[in-house]
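Thank you all for making the time this morning. I would like to walk through one model with you, element by element, and I will try to keep apart what can be said with confidence from what cannot.

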Amino acid sequence: MKKVWIKMSNRIKRLDNRGSALLTVVLVVTFLTILATILMYISGLNFQIKEADYRNKKSFYEGEKGTEAIKVELMKDVSDAAFRANQDLSINFANITSADTRKVEYNKYFVGRLQEVFDDKLLAYGGSWNALLASYMPNSTDYVLTMDLSYDADGNGVLTSNEVLEVNETSGSIILRGVSVKYTNPKYKLVTKISTDFRITAPAFDWSDAVSRTTLETGVSLDEAKTKDMISPADCVIYTEWKKE
């Protein structure tokens, strides 16, 4: 009887050992499955974050094309106004002996000529700044331009130059205020809105006596002499009060 009991006990122990090994395997497999699931979730989450970041950046850069297109056209307007201002100043250039006075006079000419450029273009758009600046942007319904100013004196949505432009003749600067561009990405349906002012300044020339004498002695016109020294129009048009919404 005792021998039978011993044999049964040994058999039970062997069965217990086999069950323990199976349980260990199940636990290890379960742990690895959970770990793999967590890693896959984290990997998928990182991918979604990167994809969302990519979409947001793409939408932003596409939206920025609207303000950049306006800036490019304003640079062309600056070049046109600078050329006309050079012609204006060349008439009395030799009679103005002070470099500071030449600078102030040129700034006044530049601001006046730039306003004339704007006025000429506004005529084609019924005096609407919104329509004029919209014509500067990419030809796409994905872009919408508005003039986000806190007031509108005439009450009918057509802003006057006095409302849009902040002019300083002495410093040769004009601030184009309240430009807002909204871009809707057609693929991702993301909306980017960029609001900014454009600060336009007269080109910085060397108005010293040396330049004056060289111009007179060589017979080179002021237009040619100054155009060669003219800085890039990109330096004359900068963003101010820029913000993204």
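Let me begin with a question of placement: in which helix does D88 lie? The answer is helix α1, which covers residues 2-90. Before going further I should say that this is a predicted model, and so I will come back to confidence towards the end.

Staying with D88, is this residue buried or exposed? Its relative accessible area is 16%, which is under the 20% cut-off, and therefore D88 counts as buried. Leaving aside residues up to four places away in sequence, D88 touches Y109 and R113.

From there I move to helix α2, which spans residues 99-123 and in which E116 has its place. E116 has a relative accessible area of 35%, and because that value falls between the 20% and 50% limits, the residue is classed as partly exposed. E116 and A81 are 35 residues apart in sequence, while their C-alpha atoms are 8.3 Å apart in space.

Helix α2 also matters for the largest pocket, where it supplies the largest share of the lining, namely 3 residues. The space in that pocket comes to about 160 Å³. Its lining is made up of 11 residues, and those that lie nearest the centre are K103, N107, A202, P203 and A204. Sorted by class, the lining holds 7 nonpolar residues, 3 polar ones and 1 charged one.

Now to the strands. Strand β3, residues 173-184, and strand β4, residues 191-201, pair in the antiparallel sense over 10 bridges, and one of the partnerships puts S173 with T201 in β4. The two strands form a hairpin with 6 residues between them, and the loop between β3 and β4 is where K189 is found. What is notable about the backbone of K189? Its phi is positive, at about 60 degrees, although the residue is not a glycine. K189 has a relative accessible area of 62%, and since this is over 50%, the residue counts as exposed.

On the other pairing of interest, β4 is joined by 6 bridges to strand β5, residues 237-244, and these two strands also run antiparallel. Within this pairing, I194 stands opposite K244 in β5. Strand β5 also contains E241, another residue that is not a glycine and yet has a positive phi, here of about 55 degrees. Its relative accessibility is 64%, again over 50%, so E241 counts as exposed.

Finally, as promised, confidence. Where in the chain is confidence lowest, and where is it highest? The lowest mean, 48, belongs to helix α5, residues 209-218, whereas the highest, 92, belongs to β4. For the chain as a whole the mean pLDDT is 79, with 76% of the residues reaching 70 or more. Two stretches deserve a cautious reading: over residues 150-157 pLDDT stays under 50, and the model has 11 contacts for them beyond four places in sequence, while over residues 213-223 pLDDT likewise stays under 50, with 15 such contacts in the model.

That is where I will stop, and I am glad to take questions.

Terms used
Residues numbered from 1 in each chain as written. Predicted model: local features only at pLDDT ≥ 70, side-chain atom pairs only at ≥ 80, totals over all residues. Heavy atoms only, no water. Pairing = 2+ DSSP bridges. Helix = DSSP H or I, 4+ residues; strand = E, 2+ residues; numbered from the N terminus. pLDDT = per-residue confidence, 0-100. Contact = heavy atoms within 4.5 Å. 1 Å grid on protein atoms, 1.4 Å probe; cavity = no way out; pocket = protein on both sides within 12 Å on 5 of 7 lines; lining within 4 Å. Points joined across faces, edges and corners; volume = space filled by probe spheres on them. Nonpolar A, V, L, I, M, F, W, Y, C, P; charged D, E, K, R; others polar. Buried < 20%, exposed > 50% of the residue type's maximum accessible area, 1.4 Å probe, protein only.
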